[in-house]
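This report describes selected features of a predicted model. The sequence and the coordinates are shown first, and the description follows.

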Amino acid sequence: MSSNKMEGSSAPAIRRDPYEVLCVSRDSSDQEIKTAYRKLALKYHPDKNVSNPEAAELFKEVAYSYSILSDPEKRRHYDNAGFEAIDAEGMDMEIDLSNLGTVNTMFAALFSKLGVPIKTTISANVLEEALNGTVTVRPLPIGTSVSGKVEKQCAHFFGVTINDQQAEAGIVVRVTSTAQSKFKLLYFEQDTNGGYGLALQEDSEKTGKVTSAGMYFLHFQVYRMDSTLNAIAIAKDPESAFFKRLEGLQPCEVSELKAGTHIFAVYGDNFFKTATYTIEALCAKSYEDNSQKLKDIEAQILRKRKELREFEIEYRKALARFQEATNRYSQEKQSVDELLKQRDAIHSSFTVTKTLSTSSVSGNNLSNGSSSKVPGEDSKGESPAEDGSSDGKDKSAKKKWFNLNLKGSDKKAV
C-alpha cells in the first residue's frame, strides 16, 4: 500500500523547496501534505488545463515535490541534505496513461510486456469524481466476493461496512485476476465535503498464474513489496541484484480500520483492454493463524534484510580482495612467463649453430684473403685430388678406366 502519486515525478528544470511548492510547513503531518497535494494536483492537472502549458509545468513541480515529501525516507534525506541526497538516491517515475497517446502507450505496453516495471498514475477524472462524491458505490459485505470488468483508466467503487468486533479483529481486502490483468486496489478516506480522498493504493503484482493486490488492516505493521524500487536499484547496480531483492519492502501507512463504511476501488490499469477482477473482503477473525504467520514471516524478512545489508559490506570487501588477488595473479603469471622466456633465450645462446649464423657474412667475404673454417672440416672449394689423398687417386683411376673402355668401344665400332 502506497501513498498516491498522480503524475510523473521527474525533476523540473529549476527545483524549488518542496514545502514551498505544496504550501506546507516543515513540521506538517503526512495527511496535511497529502491534502495539499490533492488540491494542487487537481488544480494544475493537464486534463483540466489543455491550453495552459504553464499549468502543466506547475503540475510536474507539484508531483515532484510530493514524490519527495510523501516518502518518509526521501523526506528525511531532503531535510538533512537537500536535493543532493535525493539525486544520490535516485527517483522513480509514474506516468498517466490517459495523456500518453496511442503511440507512446504502445511503447509503454511493450516495455511492460518485456518485464520493465512502469508505474502508472490514476486518472484525474476518477480522483475528481471521488472528491466530488459523484461515484457509484456498490456494497461489498464482509465474507463475500464480487467479480467484474473495469475499463482502462476507470474505477469500480465498493463500500465495506464493518462493526466494532470486525474492526478489532482486523480486515483484509484482496483483488485477484485470473486473466492476469493490471489493476490498482485503492482505499479512500471520507472528506469533510462528503467526497472521498485517495489515501492508499496498491499496484497488482503477478504471483503464479494470477495478478493480485491486497490491503491488510491487522493492527500491526504490515509491509508491501514495491517491485519498481527493486528494479531501479538493480538497474543502478546489476551485480548486487540479490542484495536488493528485499529493499522494496515498505511499511504500509494504515494498519487498522475503525467501525463504519470504508470505500475501496478497483482501477483498470491495462494499457488497452478492460481489466477482469474479483474483489473480496474478509474478517481476520477467521484467519488468526494466518495473521500471526504473516507477522512472523515479515519480521524474519526484515531481519534478513538487515543481515543482507551487513553481509553486502563483507561481500564487497571480499570481492575487492578477490579482484586484487586476481589482478596480482595475472601480473605474477606474466612475470613468470617472461622470466622463463629469458632463461630459455640464455640456454639457446650456448650453441654452435648460433656461432655459424653470426659469422656467415664475414666468412664468405673472400676479398680480404681470410676464410673461416670449422676445425676438422675441409673447405668445400677444394677438390679431392688437390689434397693428395688416396680417395683422390682412386677417383682419378676410375675415371681413366672409364675413359679407356669408352675409347676401346669406339675402335671396335669402327
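## Helix H7 and its buried side

In this predicted model, helix H7 has as its buried residues Ala124, Val126, Leu127, Ala130 and Leu131. These residues lie on the same side of H7, because the arc they cover around the axis is only 165°. The elements that cover the buried residues of H7 include H2, S5, S7, S8 and S13.

Both ends of the helix show a local feature. At the start of H7, a side-chain oxygen of Ser123 comes to within 3.2 Å of the backbone nitrogen of Asn125. Just after H7, Gly133 adopts a positive phi of about 70°.

## The mixed sheet

Strands that cover H7 recur in an open sheet of 5 strands, whose order is S3-S5-S13-S7-S8 and whose pairing is mixed. Its edges are formed by strand S3 (137-139) and strand S8 (196-203); each has a single partner strand, so one side of each is left without a neighbour in the sheet. From one strand to the next, the twist averages 30°.

Within this sheet, strand S5 (residues 155-162) pairs with strand S13 (residues 260-268) in the antiparallel sense, over 8 bridges. One point of register is given by Thr161, whose bridge partner in S13 is Thr261. Two helices can then be placed relative to the sheet. Helix H2 (residues 30-44) packs on the sheet and touches strand S7 (183-190) and S8, with a direction at about 100° to that of S8. Helix H7 (residues 124-132) also packs on the sheet, where it touches S5, S7, S8 and S13; the direction of H7 makes about 140° with that of S8.

## The antiparallel sheet

A further open sheet contains 5 strands in the order S4-S14-S6-S10-S9, with antiparallel pairing. S4 and strand S9 (205-207) occupy the edges; each has a single partner strand, so one side of each is left without a neighbour in the sheet. The twist in this sheet averages 30° from one strand to the next.

S6 and strand S14 (residues 275-283) are paired in the antiparallel sense over 6 bridges. Val173 stands opposite Ala281 in S14.

## Loops with positive phi

Which residue has a positive phi in the loop between strand S4 (144-150) and S5? Gln153 is found in that loop, and its phi is positive at about 60° although the residue is not a glycine. Gln153 has a relative accessible area of 13% and is therefore buried, the limit being under 20%.

Gln180 occupies the loop between strand S6 (171-177) and S7. Its phi is near 60°, a positive value in a residue other than glycine. Gln180 has a relative accessible area of 34% and is partly exposed.

## Helix H8 and Cys283

Gln165 belongs to helix H8 (residues 164-169). This residue is exposed, because its relative accessible area of 57% is over 50%. Along the chain, Gln165 and Cys283 are 118 residues apart, and their C-alpha atoms are separated by 9.4 Å.

## Aromatic pairs

Over the whole structure, 11 aromatic pairs are found. A pair of aromatic rings is described by the distance of the centres and the angle of the planes. Phe242 and Phe243 form an edge-to-face pair, at 5.3 Å centre to centre and with 65° between the planes. How do the partners stand with respect to solvent accessibility: buried, partly exposed or exposed? Phe242 is partly exposed at 47% relative accessibility, whereas Phe243 is buried, with a relative accessible area of 8%.

Phe311 and Tyr315 form a tilted pair, with 6.3 Å centre to centre and 50° between the planes. Both residues lie in helix H10 (residues 288-349), 4 residues apart, which is about one turn of the helix. Phe311 is partly exposed, at 39% relative accessibility, and Tyr315 is partly exposed with a relative accessible area of 34%. Phe242, Phe243, Phe311 and Tyr315 form one aromatic cluster.

Conventions
Residues are numbered from 1 along each chain as its sequence is written. This is a predicted model: local features need pLDDT of at least 70, side-chain atom pairs count only at pLDDT 80 or more; totals for chains, interfaces and linings use all residues. Side-chain values use heavy atoms; hydrogens and water are left out. Two strands pair if DSSP finds at least two bridges between them. Axes are lines fitted to C-alpha atoms, for helices over the stretch in contact, and angles run from 0 to 180 degrees between N-to-C directions. Contact means heavy atoms within 4.5 Å. Buried means under 20% relative accessible area, exposed over 50%, partly exposed in between (1.4 Å probe, protein chains only). Rings of Phe, Tyr and Trp (its six-membered ring) pair if their centres lie within 6.5 Å; planes under 30 degrees apart count as stacked, over 60 as edge-to-face and the rest as tilted. The arc is that of the directions from the helix axis to the C-beta atoms. A polar contact is a pair of N or O atoms within 3.5 Å; within protein, one must be able to donate a hydrogen and the other to accept it, and residues adjacent in sequence count only if both atoms are side-chain atoms.
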